[in-house]
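Work through the three exercises below with the structure in view. Try each task before reading its solution.

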Amino acid sequence: SVIIEQNGVNVTDNFEIIYVDDALEITPAELTITTPDDSKIYDGTELKKDGKIEGFVNNETATFATTGVQITVGKSSNTYTLTWDGTAKESDYTITESIGTLEVKKATITATAIAESHVYTGETFGATVEVTDVPTGLTVAEAKSNASATHVTDGVVTAHADSVIIKQNDVDVTGNFEIVYVDDALEITPAELTITTPDDSKIYD
């Protein structure tokens, strides 16, 4: 609309108006989404790390949530969701992402074989296994040694933790551990025999 006046009188019709157009455009604002890196030693619990979103204009809103989670040993992206359920419109924004990595590293437990030196009794002796440094909430489902000895001739038998199983809620999670093995020695020593021959005497006959 163009109106030209002279002393309050519209004189626009006295002009040939040349129109020169231009373009008006709204370009998207930039949202920056960052989810951080994080790491921990395996303990059977979730690894999470909240991210952030920045750049909304005029306090506009949308629902942002960090969804990344890592429980077992390994790596995964620290993912997120963005739901356009607020006052912001998706078409009004572009998104720049910086996505972090969540890493769970192996925990270390120690499996110690416990054996002794036994005096020969004719029985077969074995060894027990003690597992230490297991995180709270996890259980030692199995810890055993196959070492056995019965006779002195068996010699010194190395007692080793041949089977170690760690579970969480009946799920085998042993693969999340680095196991340090401490061996022991199982040995049968000779029993003592006592031989007694008595004194005696008589008159020659």
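**Exercise 1.** Find how β4 and β10 pair, then place them in their sheet.

*Solution.* Start with the pair: β4 and β10 (residues 101-105) run parallel, joined over four bridges. Pairing here requires at least two bridges found by DSSP, and strands are DSSP runs (E, at least two residues) numbered from the N terminus. One bridge links Ile-41 to Lys-105 in β10. This is a predicted model: local features need pLDDT of at least 70, side-chain atom pairs count only at pLDDT 80 or more, and totals for chains, interfaces and linings use all residues. Residues are numbered from 1 along each chain as its sequence is written, and side-chain values use heavy atoms, with hydrogens and water left out.

Now add β7. β7 and β10 pair antiparallel, also over four bridges. Here Lys-75 stands opposite Glu-103 of β10. The result is an open sheet of three strands in the order β4-β10-β7, with mixed pairing.

**Exercise 2.** Explain why one side of β4 and of β7 has no neighbour in the sheet.

*Solution.* β4 (38-41) and β7 (74-77) are at the edges; each has a single partner strand, so one side of each stays free of a sheet neighbour.

**Exercise 3.** Decide whether Thr-35 is buried or exposed, and list its contacts.

*Solution.* First locate Thr-35: the loop between β3 (29-34) and β4. Its relative accessibility is 2%, so Thr-35 is buried (buried is under 20% relative accessible area, exposed over 50%, partly exposed in between; 1.4 Å probe, protein chains only). Next, skip neighbours within four places in sequence: the contacts (heavy atoms within 4.5 Å) of Thr-35 include Gly-51, Thr-66, Tyr-80 and Gly-100.
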